[in-house]
Amino acid sequence: MPAVRNVLVVGGGAAGAAAAILLAEGGVAVDLVDVKPDVAALGSGITLQGNALRVLRELGVWDKVRAEGYAFDTLGIRAPDPAGTLVAELTDIRTGGPDLPATFGMYRPALARILIDRAAEAGVRIHFNKCPESLEQDGDTVRVTFRETGEEKRYDLVIGADGIRSWTRRQLGIDCEPQPVGMGIWRTFTKRPASVTRTDLIYGGPCYIAGYCPTGEDTLYAYLVEAVQDRFRLGPEESLATMRELSLAYHGPWDEIREQLTDPARVNYTAFESHVLDGPWHRGRVVLIGDAAHSCPPTLAQGAAQALEDASVLSQLLLAAGSVTDTLWSDFTGRRLHRAKTVVEASLQLAAWQLAHERGDVPGLMARVSQLVAEPA
């Protein structure tokens, strides 16, 4: 018997949807609520490493994901020169195993839709435009009051997978808020030139990083990472003009990408932030996973992978145990905290080297992280 019979998942992103799918498939009654009106994800691309793909296969969605995205096994490094000269081609480690690609790009909203559809198929009761107003722990249950209707329900467990600004985390009184990293990122989603068949990165110039990732047969997302600035009040046309201007310093495939930078609605700007809850991620019968528990700049492209791993490990433990015990929580903390914290710290180290214009041992650090996440979570 699973350790829990009914569960509330707060948040319908990758972590929440994954946990809901696995628990429902294991016979648990699952409600998933999300404050948004529908499946939502920032409308650009996402880079998924092999260890993320391993969990997507566990969820039964790998075939659908594979049909939507673009797989590749190498990383290119280009010079910030007038030709965008390719100076190195690195073979990525297949962290999900030899039968999965090393790296995979896809449209982020498409991944969100696949996961939510799979959750519905598994029997998860999904409610958008709905969120808790209060949580009250009472012995082995959590009484949840919902904001919109005043309805009250009791659950054996509440999973807070509600993102970096987690309401659940704050409701638990956990003082662990994301801190600024000092970088901001411009992202766009557009047509893929035939010359783009993997991620290439350019370090230097007006931005710390100029990169792109193929996301499908004819799509890609491109990004420029700069010192964070107050860009958030720019209108769509101004944002497009700013990204185009910054991109003028980069060449090679960037010259073709820039020709496609014409749609203001496809450009967005966000600041890098980071945090990690350094200790148990649960309080009684409420547990945090994904960005609610840890977040990092995307310098290692491990954010989604770590969120998916959280969901996988938590679900495994809950389905294998007969009850919720201190041992279960100790096992969860032991399997997830060190791994997620190591990824966060490594991601921050890469950002720190870039901010300080230091070379650093980037290949060595990336290799160490790859070796870590290649091991089962």
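This passage walks through the helix packing, sheets, cysteines and a few single residues of a predicted model.

Helix H8 is a good place to start. Spanning residues 303–320, H8 packs against helix H2 (residues 50–58), with the two axes 8 Å apart and an angle of about 45° between them. That angle makes H2 oblique to H8. On the H2 side, the contact is made by Asn51, Ala52, Arg54, Val55, Leu56 and Glu58, and these meet Ala305, Gln306, Leu308, Glu309, Ser312 and Gln316 of H8. As for handedness, H2 passes H8 in a left-handed crossing.

H8 also packs against helix H1, which covers residues 14–25; here the axes come within 8 Å and cross at roughly 25°. Angles under 35 degrees count as roughly parallel, and H1 and H8 are therefore roughly parallel to each other. This crossing is right-handed. H1 brings Ala14, Ala15, Ala18, Ala19, Leu22 and Leu23 to the contact, while H8 brings Ala307, Leu308, Ala311, Ser312, Ser315, Leu318 and Leu319. Leu308 and Ser312 of H8 turn up in the contact with H2 and again in the contact with H1.

Ser315 gives a residue-level view of the H1 contact. This serine sits in H8 and is buried, its relative accessible area being 1%. Leaving aside residues up to four places away in sequence, Ser315 touches Ala19, Leu22 and Leu23, and these three are among the H1 residues that meet H8.

Turning to the strands, there is an open sheet of 8 strands with mixed pairing, in the order E6-E5-E14-E15-E16-E13-E17-E20. Strands E6 (86–91) and E20 (294–295) stand at the edges; each has a single partner strand, so one side of each is left without a neighbour in the sheet. At the E6 end, strand E5 (residues 74–78) pairs with E6 in the antiparallel sense over 5 bridges. One of the matched pairs there is Leu75 with Leu90, the latter in E6.

Another open sheet holds 3 strands in the order E9-E10-E11, and its pairing is antiparallel. Its edges are E9 and strand E11 (152–155), and because each has a single partner strand, one side of each lacks a neighbour in the sheet. On average, neighbouring strands of this sheet are turned by 25° against each other, direction ignored. Strand E9 (residues 132–138) is joined to strand E10 (residues 141–146) by 6 bridges, the two running antiparallel. Within that pairing, Gln137 has Val142 of E10 as its bridge partner. E9 and E10 make a hairpin with 2 residues between them, and Gly139 in the turn has a positive phi of about 65°. On the other side of E10, the antiparallel pairing with E11 runs over 4 bridges, and Val144 stands opposite Lys153 of E11.

Gly139 is a glycine, but positive phi values also appear elsewhere. Most residues other than glycine have a negative phi. Asn129 goes the other way, with a positive phi of about 60° although it is not a glycine. This asparagine lies in the loop between strand E8 (125–128) and E9, and at 46% relative accessibility Asn129 counts as partly exposed. His357 is another non-glycine residue with a positive phi, of about 55°. His357 is found in the loop between helix H9 (326–355) and helix H10 (362–374) and is exposed, with a relative accessible area of 66%.

On the cysteine front, the structure holds 0 disulfides. The sulfur of Cys176 is 13 Å from the closest cysteine sulfur, which belongs to Cys296, and that is too far for a bond. For scale, the cut-off for a disulfide is a pair of sulfur atoms within 2.5 Å. Cys296 is likewise in no disulfide, with the sulfur of Cys176 being the nearest cysteine sulfur. Cys176 counts as buried at 14% relative accessibility, and Cys296 counts as buried at 18%.

Finally, Glu121 lies in helix H4 (residues 108–121). At 57% relative accessibility, this glutamate counts as exposed. Glu121 and Leu224 are 103 residues apart in sequence, and their C-alpha atoms are 38 Å apart in space.

Key:
Residues numbered from 1 in each chain as written. Predicted model: local features only at pLDDT ≥ 70, side-chain atom pairs only at ≥ 80, totals over all residues. Heavy atoms only, no water. Buried < 20%, exposed > 50% of the residue type's maximum accessible area, 1.4 Å probe, protein only. Pairing = 2+ DSSP bridges. Axes fitted to C-alpha atoms, helices over the stretch in contact; angles between N-to-C directions. Parallel < 35°, antiparallel > 145°, perpendicular 65-115°, else oblique. Left-handed = near helix turned anticlockwise from the far one by under 90°. Contact = heavy atoms within 4.5 Å.
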